[in-house]
Amino acid sequence: MHHLEAFIHISTAYANCNRKYIDEVIYPPPVEPKKLIDSLEWMDDGIVRDITPRLIGDRPNTYTYTKALAEFVVQQEQDKLNIGIIRPSIVGASWQEPFPGWIDNFNGPSGVFIAAGKGILRTMRANNDAVADLIPVDVVINLTLAAGWYTAVHRPKSALVYNCTTGGINPFHWGEIEHHVMSSFKRNPLEQAFRRPNANITSNYLINQYWILVSHKFPALIYDLFLRLSGQKPQMMRIFNRLHKAISLLEYFSSQDWEWNSENLSMLMSQLTPEDRKTFNFDVRQLNWPEYIENYCIGTKKYVLNEDMSDIPAARQHLRKLRNIRYTFNTVLVVFIWRVFIARSQMARNIWYFVVSLCFKFLSYFRASSTLTN
């Protein structure tokens, strides 16, 4: 390709996730890529599986490891090509183009959002205070186009790296995402939800495992038993297993923070005319997170699940039905516990009556205090 003006390589902001501070430079690779490729030529799959943990070291997976190697491979060609490298973080739905909330797959956070909206996902291990470094897909595309222009016109002597992230510029946290995703799906519910949307984030491993057992596996077993008895194929446990696998891939990135330098990003923005800055907008300082998350959730409903927005009233009615079922189940459970444990034990009855009498005394005191105050 003798007339190639610019070569833009899409990497990931997590290529060097074993570092807490990530500059816009290409770091030395953990191993010389050519030697690794030559070694893999004669190794069978079993040997590769055995050596993979030692090869990737403190990186979470082969994806981030090979992305780091790929950056070095691309850098080796910088004397022959005009090269730019884009490092996006967790890519999410569109911010503005082709329209707000556009998304066409279950990848990344999209599948997790849908699982939460359907009431399937009830717990997730993450740090509420950690930055959720989502980046809208159209921001990545606009930056890629602008970097291609700059690389072709200015021809930098060495490959320029652009960290395409939001955490250091316009941070938003996982706890905030949980709140806005749940609120959005309650206002704009998905059709035929399994349960009411009510997912919780915790950083505690044991608490998370407890809720997985109580809120995921136990209901899945009951539902699959119901499907078997009705002559249908069980599917809920399989769905939950796939969900747990997807969440486990996100866990490493949702439980900690990184700091990315973005000087090249700022430099590129300063090189654009005001009109081009508007056309190829990658200024995430303008991003309104609550509005973006709302559009993201609606986008999963409209473009991934192909649900009609006119069916929202029926979906809300379905949520009310699920709420009534939950209240009925809880009432039956309380009555059952009463009959089995409390009604048969004199000590339990005494404790129960003592607690009830305390409540009545408190209410009487509260009413008397209110009357005196008036």
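Good morning. I begin with arginine 277, which is found in helix H10, residues 274-279. Please keep in mind that the structure before you is a predicted model. Arginine 277 has a relative accessible area of 37%, so it counts as partly exposed. Setting aside neighbours within four places in sequence, arginine 277 is in contact with Met269, Ser270 and Leu272. Aspartate 257 stands 20 residues from arginine 277 along the chain, and the C-alpha atoms of the two are separated by 29 Å.

Let me turn from this residue to the interior. Which residues touch the most other members of the largest nonpolar core? They are Ile177 and Phe282, in a core of 64 residues. Several elements give two or more residues to this core. The helices among them are H4 (109-117), H5 (137-154), H6 (174-187), H8 (236-254), H9 (263-271) and H11 (289-304). The strands among them are S6 (134-136) and S7 (160-164). Helix H8 provides the largest share of this core, namely seven residues. As background, nonpolar side chains in soluble globular proteins tend to be buried together.

Isoleucine 177 deserves a closer look. Apart from neighbours within four places in sequence, isoleucine 177 is in contact with Phe113, Ala132, Leu134, Phe172 and Ile293. There is also a second, separate core, made of six residues. Its members include Val74, Ile83, Ile85 and Val161.

I now come to the packing of helices, and I have chosen three pairs.

The first pair is H6 and H11. Their axes come within 9 Å and cross at roughly 50°. An angle of that kind makes H6 oblique to H11. The crossing of these two helices is right-handed. On the H6 side, the contact is made by Ile177, His180, Val181, Ser184, Phe185 and Arg187. On the H11 side, Pro290, Ile293, Glu294, Cys297 and Thr300 take part. You will recognise Ile177 and Ile293, which were named a moment ago as being in contact with each other. By character, the residues of the contact of H6 with H11 divide into six nonpolar, three polar and two charged.

The second pair is H7, residues 205-229, and H8. How far apart are the axes of H7 and H8? They are 8 Å apart, and the helices pack at an angle of about 150°. H7 and H8 are therefore roughly antiparallel to each other. From H7, the contact draws on Ile212, Ser215, His216, Lys217, Ala220, Leu221, Tyr223 and Asp224. From H8, Met236, Met237, Phe240 and His244 contribute. The contact of H7 with H8 is made up of seven nonpolar, three polar and two charged residues.

The third pair is H5 and H9. Here the axes come within 11 Å and cross at roughly 75°. Are H5 and H9 roughly parallel or roughly perpendicular to each other? They are roughly perpendicular, because angles of 65 to 115 degrees are placed in that class. H5 supplies Leu143, Ala146, Ala147, Trp149, Tyr150 and His154 to the contact, while H9 supplies Leu265, Met267, Leu268 and Gln271. The contact of H5 with H9 has eight nonpolar residues, two polar and no charged.

The next topic is the loops. Lysine 118 lies in the loop between H4 and strand S5 (123-125). Is lysine 118 buried or exposed? Its relative accessible area is 18%, and buried means under 20%, so lysine 118 is buried. Not counting residues up to four places away in sequence, lysine 118 touches Leu190, Glu191, Gln192, Ala193, Phe194, Arg195, Leu305 and Glu307.

I close with some details of the backbone. Glutamate 97 and proline 98 are joined by a cis peptide bond, with omega about 0°. Proline 98 is placed in the loop between strand S4 (90-92) and H4.

Arginine 155 is not a glycine, yet it has a positive phi of about 45°. Arginine 155 is found in the loop between H5 and S7, and with a relative accessible area of 44% it is partly exposed.

Asparagine 306, also a residue other than glycine, has a positive phi near 55°. Its place is in the loop between H11 and helix H12 (312-342). With a relative accessible area of 64%, asparagine 306 is exposed.

Thank you for your attention.

Methods. Residues numbered from 1 in each chain as written. Predicted model: local features only at pLDDT ≥ 70, side-chain atom pairs only at ≥ 80, totals over all residues. Heavy atoms only, no water. Core = buried A, V, L, I, M, F, W, Y, C linked by side-chain atoms within 4.5 Å. Buried < 20%, exposed > 50% of the residue type's maximum accessible area, 1.4 Å probe, protein only. Helix = DSSP H or I, 4+ residues; strand = E, 2+ residues; numbered from the N terminus. Contact = heavy atoms within 4.5 Å. Axes fitted to C-alpha atoms, helices over the stretch in contact; angles between N-to-C directions. Parallel < 35°, antiparallel > 145°, perpendicular 65-115°, else oblique. Left-handed = near helix turned anticlockwise from the far one by under 90°. Nonpolar A, V, L, I, M, F, W, Y, C, P; charged D, E, K, R; others polar.
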